[in-house]
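Trainee: Could you walk me through how to read pockets, sheets and charge pairs in a model like this one?
Mentor: Gladly, let's look at it together.

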Amino acid sequence: FHVVHRRHWPFVVAAGAGTITDLGTAFVVDRESGRVEVTVTQGRVEVALAKFGGIPQWKRLEMVPVRLHRGERFSYGRNADRVVRAVSPRIAVAWTQGELAFADERLRDVVANVDRYARRPIEVSPAAGRLRLTTLVMSQRISAWLGGLSRVLPVTVKRSDAAICIQLRATQATRRNNRGRGR
């Protein structure tokens, strides 16, 4: 959104269990699988979250505000840590150029975004999903990105006709321990 701020006529976006109000700004709102991510590329916004989940939007009286400035990102909802993080504004709008850019993100969050552009579903195990990475994915070259993933992270990428599965790679010590257990 690119918004001209009008103090007496605010621009408000409702997403998930919160609202985002412009304070003279440009910002990105990404909502996927119960998680909302707000990134400010210019100016400021205020994100207000309900203190209690499950309350209809029109009944939420107590909201906890979080102010964000240019170059800041805040996530809330499912699997979000509700921490303000610094981010390049270029990363926030890279998707408009066919690029998916991520900086110090959990693999499960990266995969959730990349999966929207993939031909086959991409699944990630919980252990592998906790790994963090900084990466750039070209939306037209997801297969190549998946091919290089095991070179930068301790994961294996297995492809089948139904899905692509990413799992934590077994270490030598894990393999030795697993062999000895059956005896």
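We will take the open space, then the sheet, then the charged pairs.

Mentor: One thing to keep in mind throughout is that this is a predicted model.

Trainee: Fine. How do I start with empty space, and what volume does the largest pocket have?

Mentor: The general idea is simple: rolling a probe the size of a water molecule over the atoms shows where empty space is left. Here the largest pocket comes to about 340 Å³. Its lining counts 20 residues, and those closest to the centre are Asp 30, Ala 92, Trp 95, Asn 113 and Arg 116.

Trainee: Which elements supply at least two residues each to that lining?

Mentor: Strands E3 (18-32), E4 (35-50) and E8 (99-106) do, together with helices H1 (89-93) and H2 (107-114). E8 contributes the most, with five residues.

Trainee: And how do the lining residues of the largest pocket divide into nonpolar, polar and charged?

Mentor: There are 11 nonpolar residues, two polar ones and seven charged ones.

Trainee: Now the enclosed space. How many cavities of 30 Å³ or more are there?

Mentor: The count is one cavity, and about 100 Å³ of space lies in the largest cavity. Its lining includes Arg 35, Glu 37, Arg 73, Ser 75, Glu 105 and Asp 109. By class, the lining of this cavity holds nine charged residues, two nonpolar and one polar.

Trainee: Which strand gives the most to the lining of the largest cavity?

Mentor: That is E6, with three residues. E6 spans 72-77, and E4, E6 and E8 each supply at least two residues of the cavity lining.

Trainee: How should I read the pairing around E6?

Mentor: As a general rule, strands of a sheet pair through backbone hydrogen bonds, either parallel or antiparallel. In this model E4 and E6 run antiparallel and are joined by five bridges. Glu 37 stands opposite Ser 75 in E6, and both of these residues are among those lining the largest cavity. E6 is also joined to strand E7 (residues 85-86) by two bridges, again antiparallel, with Glu 72 facing Ala 86 in E7.

Trainee: There is also an open sheet of three strands. What is its order?

Mentor: The order is E9-E12-E11, with mixed pairing. Strand E9 (122-124) and strand E11 (155-159) are the edge strands, each pairing on one side only. On average, neighbouring strands in this sheet are turned by 20° against each other, ignoring direction. E11 and strand E12 (residues 164-168) run antiparallel, joined by five bridges, and Val 155 stands opposite Leu 168 in E12.

Trainee: Where do the helices sit relative to E9, E11 and E12?

Mentor: H2 lies across E9, E11 and E12, running at about 170° to E9. Helix H4 (residues 142-152) packs on the sheet as well, touching E9, E11 and E12, and its direction makes about 140° with that of E11.

Trainee: Last topic: how many salt bridges does the structure hold?

Mentor: In general, side chains of opposite charge can pair when their charged atoms come close. This structure holds nine salt bridges. In one of them, the side chains of Asp 109 and Arg 35 meet at 3.1 Å, N to O.

Trainee: Why does the pair of Asp 109 and Arg 35 tie together parts that are apart in sequence?

Mentor: Because Asp 109 lies in helix H2 and Arg 35 in strand E4, the pair links parts that are 74 residues apart in sequence. Asp 109 and Arg 35 also both line the largest cavity.

Note on methods: Residues numbered from 1 in each chain as written. Predicted model: local features only at pLDDT ≥ 70, side-chain atom pairs only at ≥ 80, totals over all residues. Heavy atoms only, no water. 1 Å grid on protein atoms, 1.4 Å probe; cavity = no way out; pocket = protein on both sides within 12 Å on 5 of 7 lines; lining within 4 Å. Points joined across faces, edges and corners; volume = space filled by probe spheres on them. Helix = DSSP H or I, 4+ residues; strand = E, 2+ residues; numbered from the N terminus. Nonpolar A, V, L, I, M, F, W, Y, C, P; charged D, E, K, R; others polar. Pairing = 2+ DSSP bridges. Axes fitted to C-alpha atoms, helices over the stretch in contact; angles between N-to-C directions. Contact = heavy atoms within 4.5 Å. Salt bridge = Lys/Arg side-chain N within 4 Å of Asp/Glu carboxyl O.
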